[in-house]
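Please read this note with the model open beside you, and look up each residue as it is named. The points take the internal spaces to begin with, then a pair of helices, then a sheet.

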Amino acid sequence: MSDGHEHNGHEHVPSRQRRRFPGISSRTYEHPADRSALVALRKLSGFDTVFKALSGLLPERSLRLLFLSDSVRVSDQQFSHLNVMLRDACYILDLEKVPPMYVNQDPQPNAMCIGLDEPIIVVTTGLVELLDEEEMRAVIGHEVGHALSGHSVYRTILLFLTSLAVRVAWIPLGNLAIMAIVTGLREWFRKSELSADRAGLLVGQDLQASMRGLMKIAGGNHLHEMNVDAFLAQAEEYEAGGDLRDSVLKILNVLPRSHPFTTVRAAELKKWAESRDYQRIMDGHYPRRDEDKDTSVRDSWRESANHYSTHVKSSKDPLMKLVTDLAGGAGDLGDRVRRGFGGFTSPGQKPPRGPESPGPSDSSSDSPGDDQPPRDGS
């Protein structure tokens, strides 16, 4: 238990006892899709060398100088309570080198971990002012999880490619190629956020604090007006509600985002916290870092494929149900598709029916609103 320790020359005692995970591998908490990609990249010979060579082309040095010159670096003298949380998070996850952390003036609640050679953590004043101590501890653990997994490398590349796509927008094929890579990186990064949420829970070891933090990112500092169960019910409604039309809109809404939606993150984290895997980790049974080199890429990809297969089969989303029916060879597929898109008929018009589908037609559903998706949180 991390009841007191000395880390990098600074002794401190956490506000309450928390379990420590010596030698923990990031594979312990990584989402299967995130883990399979990382295992494959780590196996590539010369991977680190290539990306270090790219560091001269990426804006990492500029970002470091920017935060050093125009933000507040967390230390024993500045934001000391955040410094205590940062050191404790690194101690719990056994991250030997504590990454520099900066507080940046920005009312938008956000946090990030970037950098190729050495990761740096940045939190905004909006986030610091929004969260209480235990909620903030989970966020810092989230960012330390990014650092331990090496996510900062890919986030830096994503920032660079997104900027590059804007610059070459006048070249049709060049822009399309870069945006295809960016889209793939965003999908991977959304899964990496689920991994980091798990790391935050391992550091904070307080599921309710993690839930509260996600609710505040979604709805602001109005906890007296919010309820965890109702918030999680939104995730259930989001997944199961609507028809095929809504399934397509969900995909379009999430494509430009680097983070999953907050209700989805909360539901995923709660599911993991209630799993046997989480309990085994808390009991001290988890993969060690010194075993990473022996990890099989094939096994990791198989685990990722199994995860997606199980997700599709258990999903309540109309599109996922249709995919499951296709895989199972469901009959009368044409009628099922027509019912799925029943909402596209004009008011008062009955949707077309095939000769094998007598009976009352399905009523059309309300069309979703035109509100823009919320900005990404931490």
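1. The largest cavity is a good place to begin in this predicted model. Its lining consists of 16 residues, and those that lie nearest its centre are Ala138, Val139, Asp197, Ser210 and Leu214. The space in this largest cavity comes to about 150 Å³.

2. Which helices supply at least two residues each to the lining of the largest cavity? They are helix H6 (133-149), helix H8 (172-204), helix H9 (207-219) and helix H12 (262-273). When the residues of that lining are sorted by class, 7 are nonpolar, 5 are polar and 4 are charged.

3. Counting cavities of 30 Å³ or more gives 2, and the second largest has a volume of about 40 Å³. Its lining is made up of His31, Leu194, Asp197, Arg198, Arg265, Glu268 and Leu269, with H8 and H12 each supplying at least two of the residues. By class, this lining has 4 charged residues, 2 nonpolar ones and 1 polar one. Asp197 deserves a second look, since it is named among the residues nearest the centre of the largest cavity and also lines the second largest cavity.

4. Two packed helices are described by the angle between their axes and by the distance between the axes. For H9 and H12, the angle is about 170° and the axes are 9 Å apart. Angles over 145 degrees count as roughly antiparallel, and H9 and H12 are therefore roughly antiparallel to each other.

5. Where do H9 and H12 meet? On the H9 side the residues are Leu207, Ser210, Met211, Leu214, Ile217 and Ala218, and on the H12 side they are Thr262, Arg265, Ala266, Leu269, Lys270 and Ala273. This contact of H9 with H12 has 8 nonpolar residues, together with 2 polar and 2 charged ones. Ser210 and Leu214 of H9 belong to this contact, and they are also among the residues nearest the centre of the largest cavity.

6. The model also contains an open sheet of 4 strands, arranged in the order S3-S4-S6-S5 with mixed pairing. Strand S3 (72-73) and strand S5 (111-114) are the edge strands, each of which pairs on one side only. S5 and strand S6 (residues 120-124) run antiparallel and are joined by 4 bridges, and Ile114 stands opposite Ile120 in S6. H6 packs on this sheet, where it touches strand S4 (101-104), S5 and S6, and its direction makes about 20° with that of S5.

Key
Residues numbered from 1 in each chain as written. Predicted model: local features only at pLDDT ≥ 70, side-chain atom pairs only at ≥ 80, totals over all residues. Heavy atoms only, no water. 1 Å grid on protein atoms, 1.4 Å probe; cavity = no way out; pocket = protein on both sides within 12 Å on 5 of 7 lines; lining within 4 Å. Points joined across faces, edges and corners; volume = space filled by probe spheres on them. Nonpolar A, V, L, I, M, F, W, Y, C, P; charged D, E, K, R; others polar. Axes fitted to C-alpha atoms, helices over the stretch in contact; angles between N-to-C directions. Parallel < 35°, antiparallel > 145°, perpendicular 65-115°, else oblique. Contact = heavy atoms within 4.5 Å. Pairing = 2+ DSSP bridges.
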